[in-house]
Amino acid sequence: MRRRDFLVGSAALGLAAPAVQAAGDTKVLKFVPQADIALLDPHFASALVTRNHAYMVFDTLYGVDDAARPRPQMAAGHVVEDDGKTWKITLRDGLRFHDGQPVLARDAVASLKRWAKRDVYAISVFAQVDDLSAVSDNVLQFRLKRPFRLLADLLAKPTPYASAIMPERLALGAPGQQVTELVGSGPYKFVMSERVPGALAVYARNADYVPRTDGPPVGTAGPKIANFDRVEWHTIPDPATAAAALQSGEIDWWEQPTTDLLPLLRKHSDVTVDIIDTLGYQAVLRFNHLYPPFDNVGVRRALLGAFSQVDMMQAVAGEDTSMWRAGVGFFSPTSPFASDAGMEVLNGPRDLSKVKRELEAAGYNGEKIVFLVPTDLPAINAMSLVAADVFHKLGMNLDYQALDWATVAQRLLSQSPLDKGGWSLNANYSPGFAPMSPAAHSFLRGLGKQSLFGWPTMPKVEELRSAWIDATDLGEQKRLCREIQLQAFQDVPYIPLGAFFFAAAYRKNLTGFLKGGVAQFTNVRRV
């Protein structure tokens, strides 16, 4: 029996997802996330599922609108003084944490200092901060060594890690340790007592949340209205089960249906298939630069000629070319900074015999490659299968480790050698906001062990990035981005694999979805 035939039958008989009770309650929203939340601390994980979780429980000083511009969120506003070297940010009235305590400037200060030890963009900016302090209960102040025009953009960015504000008592906890309480000031409270790792996360509406009163809700900015008393995240790794549960009304919203099931879901009279995350994603093959064989730049460069973006994107998003793009470099294809600089190495014919010769010339000598693959993230699993086939054809010593995402997420943080739980390679994707420019593009940072997992060292890219931040002329910024891309093809922090969109599927009685780069639960309502 074909899987689609089974799905239609199982939905009609009510056999799908027996652990999920019927959805449809006007006060309860049932959601299937892309994966289980491996790490709950918003300052501790670069995973997008943790980022989405963070936006429910916590709030940020700034959000981004639908044009990716920063807008005050927890902040009432800011003033910039001293020729751009002093920023004073005032908190808006009515902010309270879930434990009932008021949100004070010192909470924001402690939270941002904690966050800035993990987020690769913040790390470099905070190196230019002379002082960050609370000058009153509702005003925090940045004193910078030099002007930084993008401070609000940094605090607003919707890419991991989330700049979540938590109570000072939690933010000042033991360095390097995750918080044991999830106390934010956001529109939902995390119900720790109902957490079932690998299966369930529950959020209760924060009745004391005071939304902004100005402007429309767009992106991650504007009024955040919680219309459900309870939101349940049900982790359902099997796509067939998730699809049947959605069709039967046992769940309300599936974040990332697999491509092969979209035609079936589109035909269902009570299901809408739509692109909510309109910024899309950029696919990457990420190397660990700390250990052989990928500490060898010659090996990384040789592999640029091995992978077909068309093959990768068809594996992820199918034959519908409106859902993906090939010929993608180090910047988003919709960015004004995308260019053809150096792209011949990705766009030319794939010649594995030539790649084999280049690997031999670079000194690859059969070193083991530990490839971490999350089987419960279908897009990454699909890319990994295609990549593994190429590595086998090249005769490389591949140790393909098929694991759950929770395990992969933990191991990607490890800088240990391979024989002590380390890794060599991971297929992944970046949210579309990040590669729009060099500023928030974490995969393109070259700060060594302070970089995002993979930890490349790229001093020339960092120099060019700093020049881009200082430049205010668009033409000069474009020139610098061409130089960054050319240098990235020399350093090879990762191999670009294309750009794509995920379609979401949800019951037709839901409306109010905020489009952009984050799966958000505010403003969604049942009609």
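Buried means under 20% relative accessible area. The legends below use the word in that sense and describe a predicted model.

**View 1. Strand S1 is enclosed by the rest of the structure.** Strand S1 covers residues 28–32, and 5 of its 5 residues are buried, so S1 is largely enclosed by the rest of the structure. Val28, Lys30 and Val32 point one way from S1, whereas Leu29 and Phe31 point the other way. Strand S1 runs parallel to strand S10 (residues 230–234), to which 4 bridges join it. Strand S1 also pairs in the parallel sense with strand S11 (residues 253–254), here over 2 bridges. In this second pairing, valine 32 stands opposite tryptophan 254.

**View 2. An open sheet of 7 strands contains S1.** The order of the strands is S8-S9-S10-S1-S11-S19-S12, and the pairing is mixed. Strand S8 (188–190) and strand S12 (271–274) stand at the edges with a single partner strand each, so one side of each is left without a neighbour in the sheet. Strands of a sheet pair through backbone hydrogen bonds, either parallel or antiparallel. Strand S12 and strand S19 (residues 504–507) run antiparallel and are joined by 4 bridges. Aspartate 274 has alanine 504 in S19 as its bridge partner.

**View 3. Lysine 30 and glutamate 232 form a salt bridge.** The closest N and O atoms of this pair are 2.7 Å apart. Lysine 30 lies in strand S1 and glutamate 232 in strand S10, so the salt bridge ties together parts that are 202 residues apart in sequence. Both lysine 30 and glutamate 232 are buried. In the pairing of the strands, glutamate 232 is also the bridge partner of lysine 30. A network of salt bridges links Lys30, Glu194, Arg230 and Glu232. The structure's count of salt bridges comes to 24.

**View 4. Arginine 205 and aspartate 229 meet in a salt bridge.** The N to O distance is 3.3 Å. Arginine 205 lies in strand S9 and aspartate 229 in the loop between S9 and S10, so the pair ties together parts that are 24 residues apart in sequence. Arginine 205 is partly exposed, with a relative accessible area of 36%. Aspartate 229 is partly exposed as well, at 35%.

**View 5. Asparagine 206 lies in the loop between S9 and S10**. Its relative accessible area is 5%, so asparagine 206 counts as buried. The side chain of asparagine 206 reaches the backbone oxygen of glycine 186 at 2.9 Å. Among the residues that asparagine 206 touches are His98, Ser185, Pro187 and Tyr188.

**View 6. Arginine 286 is buried yet has no salt bridge**. Arginine 286 lies in strand S13 (residues 281–287). The nearest side chain of opposite charge is that of glutamate 462, 9.6 Å away. A salt bridge needs a nitrogen and an oxygen within 4 Å, so this distance does not qualify. A polar atom of the arginine 286 side chain lies 3.5 Å from the backbone oxygen of proline 493. Arginine 286 touches residues including Trp423, Phe443, Trp455 and Tyr494. Glutamate 462 itself meets arginine 445 in a salt bridge (2.8 Å, N to O). Glutamate 462 is in helix H15 and arginine 445 in the loop between S17 and H15, 17 residues apart. Both glutamate 462 and arginine 445 are buried.

**View 7. Tryptophan 423 and tryptophan 455 form a tilted aromatic pair.** The structure holds 28 aromatic pairs. In this one the rings are 5.8 Å apart, centre to centre, with 50 degrees between the planes. Tryptophan 423 lies in the loop between helix H14 (405–411) and strand S17 (425–431), and tryptophan 455 in the loop between S17 and helix H15 (459–470), so the pair ties together parts that are 32 residues apart in sequence. Tryptophan 423 and tryptophan 455 are both buried. Elsewhere, ring pairs link a cluster whose members include Phe31, Phe190, Tyr203 and Trp233.

**View 8. Strands S4 and S5 form a hairpin**. Strand S4 (residues 75–81) pairs with strand S5 (residues 86–91) in the antiparallel sense over 6 bridges. Glycine 77 stands opposite threonine 90 in S5. The hairpin has 4 residues between the strands, and aspartate 82 takes a positive phi near 55 degrees. Strand S5 also runs antiparallel to strand S7 (residues 139–144), with 5 bridges. There, threonine 86 stands opposite arginine 143.

Conventions:
Residues are numbered from 1 along each chain as its sequence is written. This is a predicted model: local features need pLDDT of at least 70, side-chain atom pairs count only at pLDDT 80 or more; totals for chains, interfaces and linings use all residues. Side-chain values use heavy atoms; hydrogens and water are left out. Two strands pair if DSSP finds at least two bridges between them. Buried means under 20% relative accessible area, exposed over 50%, partly exposed in between (1.4 Å probe, protein chains only). Lys and Arg count as positive and Asp and Glu as negative; His and the chain ends are not counted. A polar contact is a pair of N or O atoms within 3.5 Å; within protein, one must be able to donate a hydrogen and the other to accept it, and residues adjacent in sequence count only if both atoms are side-chain atoms. Contact means heavy atoms within 4.5 Å. Rings of Phe, Tyr and Trp (its six-membered ring) pair if their centres lie within 6.5 Å; planes under 30 degrees apart count as stacked, over 60 as edge-to-face and the rest as tilted. Lists of a residue's contacts leave out its neighbours within four places in sequence.
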